[in-house]
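Open the model in your viewer and keep the selection tool at hand. The stops below say what to select next and what is there.

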Amino acid sequence: MGRRPFIAGNWKMHKGPAEADALARALKTALSDLTAVDVAVAPPFISIPAVAQRLQHTGIHVAAQNLHEELSGAFTGEVPGEMLRQAGCTYALCGHSERRHIFGESDERINRKVHAAFRSGLLPILCIGETLAQREAERVEDVLAQQLETGLAGLEADQVATTTLAYEPVWAIGTGRTASPQQAQDAHAFVRSWLNERFPAYVGKQVRIQYGGSVNPSNAAELLSQPDIDGALVGGAALKAESFVGIIQAASA
Ligand code: PEP
């Protein structure tokens, strides 16, 4: 059974409620006959209610860019998964490279967020990926294995099967420098073999592995044609309906 492609757009710290609603409205129109691809968008927290309302009954899902690992409490400025679910989210990004590298999130903390997502009824999108220095030191597989080992620790096989993994080499995010289709495929194949060694076969068959890092409508088709690339996590090109839709069309071709 083939895996259904999954394209997610990470709007990062762009698009307040009015602009987010306008982009959601444009996506709703452009993707009205969407059938072959799963799509999600991750607006800033403040814009989630407007986007969720606009995208109701469209099949386009809403994702949170982050969540706190506790369910509630004295954590000023944080948002827990349950509130994100109530606001209309289906998915939550966990361990995006900017959370790891700018905000210092460790693999252990990201693992707690993955568990919190499940406890809150959200599906995690666990982001992993090496820095340029780690690639140059030929440590890609070690780094990915460590991020997977800790990031997925304590999950049941069924939970892993419904987790999306996003392989995002740090050097390719927001830089315009994309991994070559072969580099990306090699990393994805490693991730799938890692899953196959640790979980029953259905897990590795089912888990969708997105590629992220300067994906655009011109490079998407070749990346997505690789056997272990099941979708994309898109930053910059997700901020305009035209380019995001172009990537979704490449995924449905
Ligand atoms: C991202 O934010 O996850 C990302 C991949 O960004 P960009 O597409 O801009 O490289």
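Start with the lining of the largest pocket: its residues divide into six nonpolar, four polar and three charged. The model is predicted, so read every value here as computed from that prediction. Thirteen is the count to check in your selection: 13 residues line the largest pocket. Which of them lie nearest its centre? Select Lys-12, Met-13, Gln-65, Arg-99 and Phe-103. The space in this pocket comes to about 360 Å³.

**Stop 1: Lys-12**

Stay with Lys-12, one of the residues nearest the pocket centre. Look for Lys-12 in the loop between β1 (6–10) and α1 (17–30). Check its backbone: phi is positive, about 50°, although Lys-12 is not a glycine. Is Lys-12 buried or exposed? Its relative accessibility is 19%, and the cut-off for buried is under 20%, so Lys-12 counts as buried.

**Stop 2: Ala-42**

Now select strand β2, residues 38–42, and go to Ala-42. Ala-42 is buried, with a relative accessible area of 2%. What does Ala-42 contact beyond its neighbours within four places in sequence? Colour Gly-9, Asn-10, Trp-11 and Lys-12, then Ala-63, Ala-64 and Gln-65. Two of these names are familiar from the pocket: Lys-12 and Gln-65 are among the residues nearest its centre. Draw a distance between the C-alpha atoms of Ala-42 and Gln-65: it should read 5.7 Å. Along the chain, Ala-42 and Gln-65 are 23 residues apart.

**Stop 3: Leu-233**

Jump to strand β8, residues 231–234, where Leu-233 is found. Leu-233 is buried, at 3% relative accessible area. Show its contacts, not counting residues up to four places away in sequence. They are Ala-8, Asn-10, Leu-93, Cys-127, Ala-166, Glu-168, Gln-210, Tyr-211, Gly-212 and Gly-213. Asn-10 also appeared in the contacts of Ala-42. Next, pick Glu-130, which is 103 residues from Leu-233 along the chain. Their C-alpha atoms are separated by 16 Å.

**Stop 4: Ser-193**

Select helix α9, residues 181–198, and centre on Ser-193. Ser-193 is partly exposed, with a relative accessible area of 29%. Add Gly-204, 11 residues away along the chain. The C-alpha atoms of Ser-193 and Gly-204 are 7.5 Å apart.

**Stop 5: Glu-138**

Move to the loop between α6 (132–136) and α7 (140–151), and select Glu-138. Its phi is positive too, about 55°, and Glu-138 is not a glycine. Buried or exposed? Glu-138 is exposed, with a relative accessible area of 72%.

**Zoom out**

Clear the selection and show the whole chain. How many helices and strands does the chain have? There are 12 helices and eight strands. The C-alpha atoms fill a box of roughly 45 × 45 × 35 Å along the principal axes. The radius of gyration is 17 Å; a compact globule of 253 residues would have one near 18 Å, so the two agree. Colour by accessibility next: 54% of the 253 residues count as buried. Switch to the surface, where the chain exposes about 11100 Å². Carbon and sulfur atoms supply 51% of that area. Finish with a contact map. Take the contacts with a separation of 6 or more: residues 24 or more positions apart account for 74% of them.

Technical notes
Residues are numbered from 1 along each chain as its sequence is written. This is a predicted model: local features need pLDDT of at least 70, side-chain atom pairs count only at pLDDT 80 or more; totals for chains, interfaces and linings use all residues. Side-chain values use heavy atoms; hydrogens and water are left out. On a 1 Å grid over the protein atoms alone, a cavity is a set of points where a 1.4 Å probe fits but cannot get out, and a pocket is an open set with protein on both sides within 12 Å along at least five of seven lines; lining residues have an atom within 4 Å of a point. Grid points are joined across faces, edges and corners, and a volume is the space filled by probe spheres set on the points. Ala, Val, Leu, Ile, Met, Phe, Trp, Tyr, Cys and Pro count as nonpolar, Asp, Glu, Lys and Arg as charged, and the others, Gly among them, as polar. Helices (H or I, at least four residues) and strands (E, at least two) are DSSP runs, numbered from the N terminus. The radius of gyration is taken over C-alpha atoms; the globule rule is 2.2 Å times the number of residues to the power 0.38. Buried means under 20% relative accessible area, exposed over 50%, partly exposed in between (1.4 Å probe, protein chains only). Contact means heavy atoms within 4.5 Å. Accessible areas come from the Shrake-Rupley method with a 1.4 Å probe; for residues, only the protein chains shown count as cover.
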